[in-house]
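Please study the structure shown below before attempting the exercises. Each exercise consists of a task and a solution in steps.

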Amino acid sequence: MRWLVVLAMAFAAAGLHSATGAQAQQPLPASPETSLSGALSAACREDAAAFANFLTSDNATAYRALPAPQRTALMKRFVLLEDPGRPLLSTSATGHPVVRCDAPGVAIEMRFGETRSRENLAFIPMEIPLPGEPSRSITFGLVREGGNWKLLSVGLILLDIPSMAKQWEQADREAREEAAIAALRKLATALETYRRAYGKLPDALERLGPAPENGISPEAAGLVDAEISAGNKDGYAIRYRIVPAGGNLSEEESNQAAKFELAATPVEYGKIGRRSFFLDSGGVLRGGDKQGAVATSADPRIGSP
């Protein structure tokens, strides 16, 4: 009985020592390969919340603040796919990780090379075979932050999402400005088409909009889409004004001689766009940075008709 008590006490002491050691032991940080595999898997799924976990703290904060389309666009660049897919992890014959992203109708395989690491930096070369194209090679840089490995660079480009966000915002503004110009030119063409069809300019842009199933009419000519006919385009407000013809003219002559003016102004200056635009019936485009004010015929000319 004495031996049983001693043996039980020995087992209890061993268990206590083991538990104490387990509590004192700190979890080992993930390897650079594991972190990169996790980032690519999240990008494959287009899981923005998971992807942000593999970014440095500053980049993660900036990334979460991006509009959803920009967050998705960045993840697409990492896996070279447009649609979300299912990530599959495996190991190559050389013992290196392989991340495969299976998307509808296409799959991309990302093959890791030998990791080069020194202190808090690691660099992982990667080869991506592409069907019918030469393989792409790139090296990912990672940095140890808070005990975990985070994405630092892609190739020779430092992953600086705050700066990238500013560039994307500028690109988006310019794209919306170009869309507003295109909308004005489309409206100008539609207005002249309407005049040829019905003998005069429409009283309002709404009359240029989509036609019902029973056919076009002066009230719904079907010349532009619903957004533009409502006086909107990607955050720009569009104004339309008829300039009556002067002189002693008949009604028909007056209708044919009448001119029009179109203007597009950003609803939220700076966020939507910086430039305001003005287009007359002669096809002359004018405008500039009006601080959100409406452009007029007195503004500088932009390009050629």
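The exercises below concern a predicted model and proceed from the whole protein to helix pairs and single residues.

**Exercise 1. The protein as a whole**

Task: State how many helices and strands there are in the protein, and what share of its residues is buried.

Solution. Step 1: The secondary structure comprises eight helices and 13 strands. Step 2: Of the 305 residues, 35% are buried. Step 3: Considering contacts between residues at least 6 apart in sequence, 45% join residues at least 24 apart.

**Exercise 2. The pair α2 and α5**

Task: Determine how α2 and α5 pack and which residues make the contact.

Solution. Step 1: Two packed helices are described by the angle between their axes and the distance between the axes. Step 2: For α2 and α5 the angle is about 120° and the axes are 8 Å apart. Step 3: Angles of 65 to 115 degrees count as roughly perpendicular and those over 145 as roughly antiparallel; α2 is therefore oblique to α5. Step 4: The crossing of these two helices, α2 and α5, is left-handed. Step 5: Helix α2 contributes Leu40, Ala42, Ala43 and Cys44, while α5 contributes Met75, Phe78 and Val79. Step 6: Sorted by class, this contact of α2 with α5 has seven nonpolar residues, no polar and no charged ones.

**Exercise 3. The pair α5 and α6**

Task: Describe the crossing of α5 and α6, and assign the contact residues to classes.

Solution. Step 1: Helix α5 covers residues 68-79 and helix α6 residues 161-198; their axes come within 12 Å and cross at roughly 115°. Step 2: α5 and α6 are therefore roughly perpendicular to each other. Step 3: The crossing of α5 and α6 is right-handed. Step 4: On the α5 side the contact involves Gln70, Leu74 and Arg77, and on the α6 side Ile161, Met164, Trp168, Glu169 and Asp172. Step 5: By class, the contact of α5 with α6 has four nonpolar, one polar and three charged residues.

Step 6: Consider Gln70 of helix α5 individually. Gln70 counts as buried because its relative accessibility is 9%, and the cut-off for buried is under 20%. Apart from neighbours within four places in sequence, Gln70 is in contact with Trp168, Glu169 and Asp172.

**Exercise 4. The two faces of α4**

Task: Which residues of helix α4 are buried, and which exposed residues lie on the face turned away from the buried side?

Solution. Step 1: In α4 (residues 57-65), the buried residues are Asn59, Ala60, Ala62 and Tyr63. Step 2: These residues cover an arc of only 170° around the axis, so they are on the same side of α4. Step 3: The face turned away from that buried side carries the exposed residues Asp58, Thr61 and Ala65. Step 4: The cover over the buried residues of α4 includes α3 (48-52), α5 and α6.

**Exercise 5. Two single residues**

Task: Are Ser41 and Tyr194 buried or exposed?

Solution. Step 1: Ser41 lies in helix α2 (residues 32-45). With a relative accessible area of 8%, Ser41 is buried. Not counting residues up to four places away in sequence, Ser41 touches Pro87, Leu89 and Val99.

Step 2: Tyr194 lies in helix α6. At 3% relative accessibility, Tyr194 also counts as buried. Not counting residues up to four places away in sequence, Tyr194 touches several residues, among them Gly199, Arg207, Pro218 and Leu223. Step 3: Between Tyr194 and Pro218 there are 8.0 Å in space, C-alpha to C-alpha, although the two are 24 residues apart in sequence.

How values were computed
Residues are numbered from 1 along each chain as its sequence is written. This is a predicted model: local features need pLDDT of at least 70, side-chain atom pairs count only at pLDDT 80 or more; totals for chains, interfaces and linings use all residues. Side-chain values use heavy atoms; hydrogens and water are left out. Axes are lines fitted to C-alpha atoms, for helices over the stretch in contact, and angles run from 0 to 180 degrees between N-to-C directions. Helices (H or I, at least four residues) and strands (E, at least two) are DSSP runs, numbered from the N terminus. Angles under 35 degrees count as roughly parallel, over 145 as roughly antiparallel, 65 to 115 as roughly perpendicular and the rest as oblique. A crossing is left-handed if the near helix is turned anticlockwise from the far one by less than a right angle, and right-handed if clockwise. Contact means heavy atoms within 4.5 Å. Ala, Val, Leu, Ile, Met, Phe, Trp, Tyr, Cys and Pro count as nonpolar, Asp, Glu, Lys and Arg as charged, and the others, Gly among them, as polar. Buried means under 20% relative accessible area, exposed over 50%, partly exposed in between (1.4 Å probe, protein chains only). The arc is that of the directions from the helix axis to the C-beta atoms.
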